[in-house]
Amino acid sequence: MARPSLSAALFQDHGVTRNLVLWGSALGTAILLALTATESVWFILGLAISLPLLALAVVDLVQPRHSLRRNYPAAARVRWLFEMLRPYLRSYIVESDLAGRPFSHDERALVYARAKGDVDAHPFGTELDVYAADYEWLAHSITPNPAAVRDSRVSVGSSQCSRPYLASRLNISAMSFGALGANAIEALNLGAKLGGFYHDTGEGGLSPYHLKHGGDIVWELGSGYFGARDKDGRFDPERFAKTARLEAVKMTEIKLSQGAKPGHGGLLPGAKVSPEIAATRGVPVGVDCQSPAAHSAFSTPRQLLDFAAEMRRLSGGKPVGIKLCVGQPHELFGIVKAMTVSGVLLDFIVIDGGEGGTGAAPAELSDRVGMPMREGLILARNALVGAGLKDQVRLAAAGKVTSGADIAMNAALGADWSNAARAFMFSLGCVQSMRCHADTCPTGVATQSPARQRALVVPDKAQRVANFHKGVIGALHDIVVAAGLDSASDFDPSHLRQRVNPSQMASLAELYPMLTPGALLDETGDSQFHRWWRQADVDSFRKLAVV
Ligand SMILES: Cc1cc2nc3c(=O)[nH]c(=O)nc-3n(C[C@H](O)[C@H](O)[C@H](O)COP(=O)(O)O)c2cc1C
C-alpha cells in the first residue's frame, strides 16, 4: 500500500463528512471574507469563530498521536470532552458500560494508560465487588520474593524441534492482514520488535508489512493455507518451506478453530482481493477467495501430527503448534493421545476461548458455539499433564487477556504464556466502535481504507504497543513477587481462588480435578478425563463408544 496521502484523508471514504468541521469552517471563513469585502466590515467578527475552528481542525488533521482526531478533525474532541468528564460523571454512566461491549471501560482505560505510558496506578482501592458471586482473586504469600525473574521467558520446542524459541509471557494473538490494515500490522510488528515478543500473522498469510520491521513472527496456516497453497488451494510444501525458513519466522501454527467462529470458513469477495492481498495469500487478483471450513491436509489426529511434523521439517526444525477453541473434549484428547501412541510431538498448543474476537462472524457462532477459554485450558492442561507430556508440549491461552492478573490466572491453570488480540488493538488506538466488519473503522485499525488508515501513525502506535506489553509484564512481575514465586511458571491452581457462594470460597485446585503427571496412562482410572481419553480415537475425530 502506498503511504496514505493527505488528499486521500480529505476526499476519500466519506472525506467530506469525516472532515465536516474542517470543510465547514474553511467554507465559513471564505464566505465571511467575501461578505466582509462586499457587504459590511462587521462580518469580520464571524472570523473569531470560524478561524479558530479551522486552525483546530488543521492541527488535528496533521498531529500524529490521536487517530480519531486525524480521521475526524475537531469533531473527535467532543468524545475527548466526555472522556475528560467521565470521572466526574462516573456514577451516572457506569450502567452504560455494561451495555453489550465485550470489554469494559476500565479494562480499556488500563490498556490505554499503559500504552501511552501514563500513570497506571489505581486510586482509592478496588472498585470490584469482592463479595460478588463470581469474584476471583490470586493468592499472595506472607513471604514475597523481590528476587523473582523480571521478564521470565518460556522455551518452546519439544525434543523433536531443533530450533526452540524463547517466548514472552504475552504475545500478539493472530489477526490477519485483511482483518487489520497495513499500518496496524506494521505498528504491531514494530512494537513486537521493540518489546521482544512475537506477532502472530493470523491465517491471512505473511505480508510485506509483517516483515518490514523485523519483529518475531509466528506464521499461522488456516484451512486456506494462504501463502503456502497451490492453485487448487491445497498445501504446497515448497511454497511453505520458502517462507517458513525466513529468519523472522520463529514458529508456525496450524489453526484448527477460532473461538469467535469455530468451524466457520470464510469468503473474501473478489472485489476485495486487491493485488496486495492476492500476493500475500497466493490467490488470483479479483477472484472470490474461499477459506474452507475444514482442512484438506489431514482429517485424523494422527494425520494432523504427521502434517505438523512435516511443517517442522520444512521450516528447518522450528517449533510447530496448533491453535483451537475446544469443542468436544474427546477430540482434543485424541490429539494428545495420538502423541503418546505415535511418538510425534507438537511443540505447543494455543487454546482460544469462545469469548474470543474476530473481524466478523455470525452472531450465533460468536455467542453460543465454542468452549470458554478457562474450561478449554483446564482440559488441555489435564490432557497434557495426564499424558505425561506437559514438559514437552507448551500450552498457551487467548481470551480477553488485558492485564498481568489475566496472565497469572491463565498460568495458574497451566498456560505457559498468554496471547492478546483485542487488547493490542486498544493499544493501537481502537475505541471498540465495533465497525470491523464494515471497513469503516474510525481509528484506522480494522480497515483497508487508505484514507482511514492515515490516522494510524506507525512509529507512534508501535511505541504504544511496546509500552502496553512492558506495563503488563511489569504488573505480572509484581504478582509473581507478591506470590513469593520465582517466575510465572510457578503458579498452580491453588493460587487462583473463587467465591462459590456468599459464605464460601475455594481454590481452583479444589473446584476442578487436576490430574497428576501420567495419570491418564493408568487404564483403570475412572475420572471424566479418563472417560474422554478412552473415547478418543487416534485415527478419527469421532467418539469411540466406550465409557
Ligand atoms: C480482528 C481480529 C482478527 C482475528 N483473526 C484471527 C485469525 O486470522 N486467526 C486466528 O487464529 N484468530 C484470529 N482472531 C482471534 C484472536 O487471535 C484471539 O484468539 C481471540 O480474539 C481471543 O483473544 P482476545 O480476547 O485477546 O481478542 C482474530 C481476532 C480479531 C479481533
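Glutamate 203 is buried, and lysine 255 is buried as well. In this predicted model, their side chains meet in a salt bridge with an N to O distance of 2.5 Å. Glutamate 203 belongs to the loop between β5 (198–200) and α9 (208–211), whereas lysine 255 belongs to strand β7 (residues 249–255), so the pair ties together parts that are 52 residues apart in sequence. The points below cover further salt bridges, the ligand site, two helices and selected backbone positions.

**Salt bridges**

- Side chains of opposite charge can pair when their charged atoms come close.
- Across the whole structure, a search finds 19 salt bridges.
- One of the salt bridges joins the side chains of aspartate 539 and arginine 302, at 2.9 Å from N to O.
- Because aspartate 539 sits in the segment after α21 (528–535) and arginine 302 in helix α12 (residues 301–314), this pair ties together parts that are 237 residues apart in sequence.
- Aspartate 539 is partly exposed, its relative accessible area being 43%, and arginine 302 is also partly exposed, with a value of 29%.
- Lysine 461 and aspartate 460 form a salt bridge in which the closest N and O atoms are 3.4 Å apart.
- Lysine 461 has a relative accessibility of 1% and therefore counts as buried, given that the cut-off is under 20%.
- Aspartate 460 likewise counts as buried, at 14% relative accessibility.
- Arg65, Asp460, Lys461 and Arg464 are joined into one network by salt bridges that share partners.

**Ligand site**

- The ligand is surrounded by 23 residues, of which the closest are Ala174, Glu220, Gly357, Lys400 and Arg422.
- This shell divides into 7 nonpolar, 9 polar and 7 charged residues.
- At alanine 174, a backbone N or O atom lies 2.6 Å from an oxygen atom of the ligand.
- At alanine 421, a backbone N or O atom lies 2.8 Å from an oxygen atom of the ligand.
- The side chain of arginine 422 places an N or O atom 2.7 Å from an oxygen atom of the ligand.
- On its own, the ligand has 610 Å² of accessible area, and the protein covers 98% of that area.

**Helix α7**

- Helix α7 (residues 105–116) contains 12 residues.
- From its first C-alpha to its last, α7 reaches 16 Å, close to the 16 Å expected at 1.5 Å a residue.
- The buried residues of α7 are His105, Arg108, Val111, Tyr112, Ala113, Arg114 and Ala115.
- An α-helix has 3.6 residues a turn, so residues three or four places apart point the same way.
- Glycine 117, just after α7, takes a positive phi of about 75°.

**Helix α8**

- Helix α8 (residues 182–195) has 14 residues, which should span 20 Å at 1.5 Å a residue; the end C-alpha atoms are 20 Å apart, in agreement with that expectation.
- Of the 14 residues of α8, 11 are buried, so the helix is largely enclosed by the rest of the structure.
- The buried residues of α8 include the polar or charged positions Asn183, Glu186 and Asn189.
- The buried residues of α8 also include Ala182, Ala184, Ile185, Ala187, Leu188, Leu190, Gly191 and Ala192.
- Glycine 196 follows α8 and has a positive phi, near 70°.

**Positive phi outside glycine**

- Histidine 14 has a phi near 60°, a positive value in a residue other than glycine.
- Histidine 14 is located in the loop between α1 (6–11) and α2 (15–18), and is partly exposed, with a relative accessible area of 49%.
- Alanine 74, although not a glycine, has a positive phi of about 65°.
- Alanine 74 lies in the loop between α5 (67–71) and α6 (77–97), and counts as buried at 10% relative accessibility.

**A distant pair of positions**

- Valine 546 is found in the segment after α21, where this residue is partly exposed, with a relative accessible area of 37%.
- From C-alpha to C-alpha, valine 546 and glycine 317 are 38 Å apart in space, and they are 229 residues apart in sequence.

How values were computed
Residues numbered from 1 in each chain as written. Predicted model: local features only at pLDDT ≥ 70, side-chain atom pairs only at ≥ 80, totals over all residues. Heavy atoms only, no water. Near = heavy atom within 4 Å. Polar contact = N/O pair within 3.5 Å; in protein donor to acceptor, adjacent residues only side chain to side chain. Areas by Shrake-Rupley, 256 points an atom, 1.4 Å probe, with all protein chains shown as cover. Salt bridge = Lys/Arg side-chain N within 4 Å of Asp/Glu carboxyl O. Helix = DSSP H or I, 4+ residues; strand = E, 2+ residues; numbered from the N terminus. Buried < 20%, exposed > 50% of the residue type's maximum accessible area, 1.4 Å probe, protein only. Expected span 1.5 Å × (residues − 1).
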